[in-house]
Amino acid sequence: MKLKITVLEGDGIGPEVTREALRVLRTIGGIYGHRFEFSEHLIGGAAIRKHDSPLPTSTLDACLASDAVFLGAVGSPEFDALPAHKRPEAGLLLLRQALGDYANLRPAISYDAIAAASPLRPEIVAGADILIVRELLGGLYFGDPRGVINDNGHTRAANTMSYSVAEIERVARVAFAAAAKRRGKVTSVDKANVLETSQLWRQTVTRIAKDYPEVELDHLYVDACAMHLITTPQRFDVILTENLFGDILSDEAAVITGSLGMLGSASIGGEVGLFEPVHGSAPDIAGKGIANPFGAIASAALLLRYVGDLAQEAETVEEAIRSVLKAGYRTRDIMAAPGFLVSTSEVGQLVTEAIAEIADRRHAYHAV
Ligand code: IPM
Ligand code: MN
């Protein structure tokens with residue numbers, strides 16, 4: 001297998017966690033006999049500094065011409081005063097839109113070894129394994145009209161939540177197909193007691209569910225879901241929801257795992273898939289070697305699974321993550337589960353060593 005991967009390290013801790021994810025991909029490539037070609041480009045604040053644009057044309061062209069895009073993180077307080085469309089985050093939103101990736105998959109898993117890193121009681125998080133399927137190209141993030149309106153000296157700002165039936169259908173199908181391969185349950189999350197967009201969402205999801213008789217569907221209002229996520233996370237298998245609700249609920253779901261740094265994500269459905277950790281650029285800890293790269297590494301596993309269809313390789317990476325955690329190695333953010341404090345690059349090194357061991361046990365080495 002040969003894959004052309006565009007790498008966008010981005011801002012803050014983006015470069016340091018990306019380095020470890022790429023190290024993992026190189027190791028997998030070496031063992032299983034795949035060629036991953038990486039080419040680096042600028043996005044976010046780093047791109048604004050050099051090209052005065054959060055998504056330069058050269059970056060977008062490279063992304064569109066590749067098999068997958070791997071992204072670190074975007075965002076920097078340096079640009080806080082800029083209008084929304086000029087900020088680093090705008091680069092990421094434009095990229096998602098240009099790639100056409102309408103389904104954002106965010107697994108939130110409770111790892112036994114670091115259950116104590118969660119502020120939730122261990123018996124509450126034990127065994128929780130949730131896949132959030134977040135609609136990524138609609139809703140308030142992209143709806144028109146939007147903007148700041150000056151009304152006779154009174155300033156207002158408006159954003160629009162809008163969804164078409166087709167937009168709901170396509171992401172619903174991703175959620176049902178994923179649930180069919182998991183524990184067979186979709187919880188669709190909306191605010192149908194108040195919002196018309198949510199009423200259309202609920203009707204449409206209910207209709208699409210008929211095509212997946214093996215999958216059970218239930219509905220929750222987003223406020224109730226926010227509560228159930230941290231009181232009874234084991235009740236969930238796949239959560240299907242719109243863009244902003246999914247943004248908020250996925251950060252909340254990180255509490256189950258113990259740290260936002262643990263979560264990876266895959267954005268799929270378009271021409272080219274985009275893989276990025278759920279965490280942000282964390283400028284306060286950038287460059288110190290203390291950032292948690294597990295989320296970036298988990299995103300690399302998702303890239304293997306969704307782009308290369310390399311299920312065994314993806315499982316090897318996921319098993320390696322578990323084994324490093326089980327052996328007691330932790331970055332600072334998950335030290336509430338007692339263990340050995342290690343740096344960002346030490347995690348990368350430990351995961352690659354674990355991968356080699358697992359592959360060896362499975363006799364997975366590619367004949368050279
Ligand atoms: C995320 C982030 C982004 C989002 C930001 C950086 C634009 O919070 O991926 O969850 O809101 O989608
Ligand atoms: Mn977010």
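Select Pro 145 to begin: this residue sits in the loop between β5 (129–135) and β6 (147–151). The model on display is a predicted one. Display the backbone here, and the peptide bond that joins Asp 144 to Pro 145 will be seen to be cis, with omega about -5°. Most residues other than glycine have a negative phi, and most peptide bonds are trans.

Continue along the chain to Asn 152, in the loop between β6 and β7 (154–158). Although Asn 152 is not a glycine, its phi is positive, at about 50°. Is Asn 152 buried or exposed? Its relative accessible area is 77%, so Asn 152 is exposed.

**Ligand 1**

Next, select ligand 1 together with the residues around it: Glu 89, Arg 96, Arg 106, Arg 134, Tyr 141 and Asp 247. By class, this shell holds 5 charged residues, 1 nonpolar residue and no polar ones. Three side chains deserve distance labels. From Tyr 141, a polar side-chain atom lies 2.5 Å from an oxygen atom of ligand 1. For Arg 134, the separation between a polar side-chain atom and an oxygen atom of the ligand is 2.9 Å. Asp 247 likewise places an N or O atom of its side chain 2.9 Å from an oxygen atom of ligand 1. On its own, ligand 1 has 320 Å² of accessible area, of which the protein covers 79%.

**Two buried polar side chains**

Now select Asp 190, in strand β8 (residues 185–190). With a relative accessibility of 1%, against a limit of 20% for burial, Asp 190 counts as buried. A polar atom of the Asp 190 side chain is 3.0 Å from the backbone nitrogen of Ala 192. To see what surrounds Asp 190 beyond four places in sequence, add Ser 198, Trp 201, Arg 202, His 219, Leu 220, Tyr 221, Val 222 and Phe 245, each of which it touches.

Move to Ser 267, which belongs to strand β11 (residues 264–268). Ser 267 has a relative accessible area of 0% and is therefore buried. Its side chain makes a polar contact of 3.2 Å with the side chain of Asn 104. Once neighbours within four places in sequence are set aside, the contacts of Ser 267 are Asp 101, Ala 103, Asn 104, Leu 136, Gly 273, Leu 274 and Glu 276.

**Helices α6 and α1**

Select residues 165–180, which form helix α6. Why does a span of 22 Å agree with expectation for α6? The helix has 16 residues, and at 1.5 Å a residue these should span 22 Å, so the end C-alpha atoms, 22 Å apart, are where they are expected. Colour its buried residues: Glu 167, Ile 168, Val 171, Ala 172, Val 174, Ala 175, Phe 176, Ala 178 and Ala 179.

For α1, the distance from first to last C-alpha is 27 Å over 19 residues, close to the 27 Å expected at 1.5 Å a residue. Of those 19 residues, 15 are buried, so α1 is largely enclosed by the rest of the structure. Just after the helix, Gly 33 has a positive phi of about 75°.

**Helix α12 and its surroundings**

Helix α12 covers residues 344–361, and its 18 residues should span 26 Å at 1.5 Å a residue; the end C-alpha atoms are 26 Å apart, in agreement. Which residues of α12 are buried? They are Thr 344, Val 347, Gly 348, Leu 350, Val 351, Thr 352, Ala 354, Ile 355, Ile 358 and Ala 359. Show the elements that cover them, including α1 (14–32), α10 (294–306), α11 (311–326) and β13 (329–330). After α12 comes His 363, with a positive phi near 50°.

Between α10 and α11, select Asp 309 in the loop. Asp 309 is not a glycine, yet its phi is positive, at about 55°. With a relative accessible area of 66%, Asp 309 is exposed.

The tour ends at Gly 289, in the loop between β12 (273–277) and α10. At 24% relative accessibility, Gly 289 counts as partly exposed. Apart from neighbours within four places in sequence, Gly 289 is in contact with Glu 16, Ser 343 and Thr 344. Finally, draw a line from the C-alpha atom of Gly 289 to that of Glu 357: these residues are 68 residues apart along the chain, and the two atoms are separated by 25 Å.

Note on methods. Residues are numbered from 1 along each chain as its sequence is written. Chains are lettered from A and ligands numbered from 1 in the order in which they are written. This is a predicted model: local features need pLDDT of at least 70, side-chain atom pairs count only at pLDDT 80 or more; totals for chains, interfaces and linings use all residues. Side-chain values use heavy atoms; hydrogens and water are left out. Helices (H or I, at least four residues) and strands (E, at least two) are DSSP runs, numbered from the N terminus. The expected span of a helix is 1.5 Å times one less than its number of residues. Buried means under 20% relative accessible area, exposed over 50%, partly exposed in between (1.4 Å probe, protein chains only). Contact means heavy atoms within 4.5 Å. A residue is near a molecule or strand if one of its heavy atoms lies within 4 Å of it. A polar contact is a pair of N or O atoms within 3.5 Å; within protein, one must be able to donate a hydrogen and the other to accept it, and residues adjacent in sequence count only if both atoms are side-chain atoms. Accessible areas come from the Shrake-Rupley method with a 1.4 Å probe; for residues, only the protein chains shown count as cover. Ala, Val, Leu, Ile, Met, Phe, Trp, Tyr, Cys and Pro count as nonpolar, Asp, Glu, Lys and Arg as charged, and the others, Gly among them, as polar.
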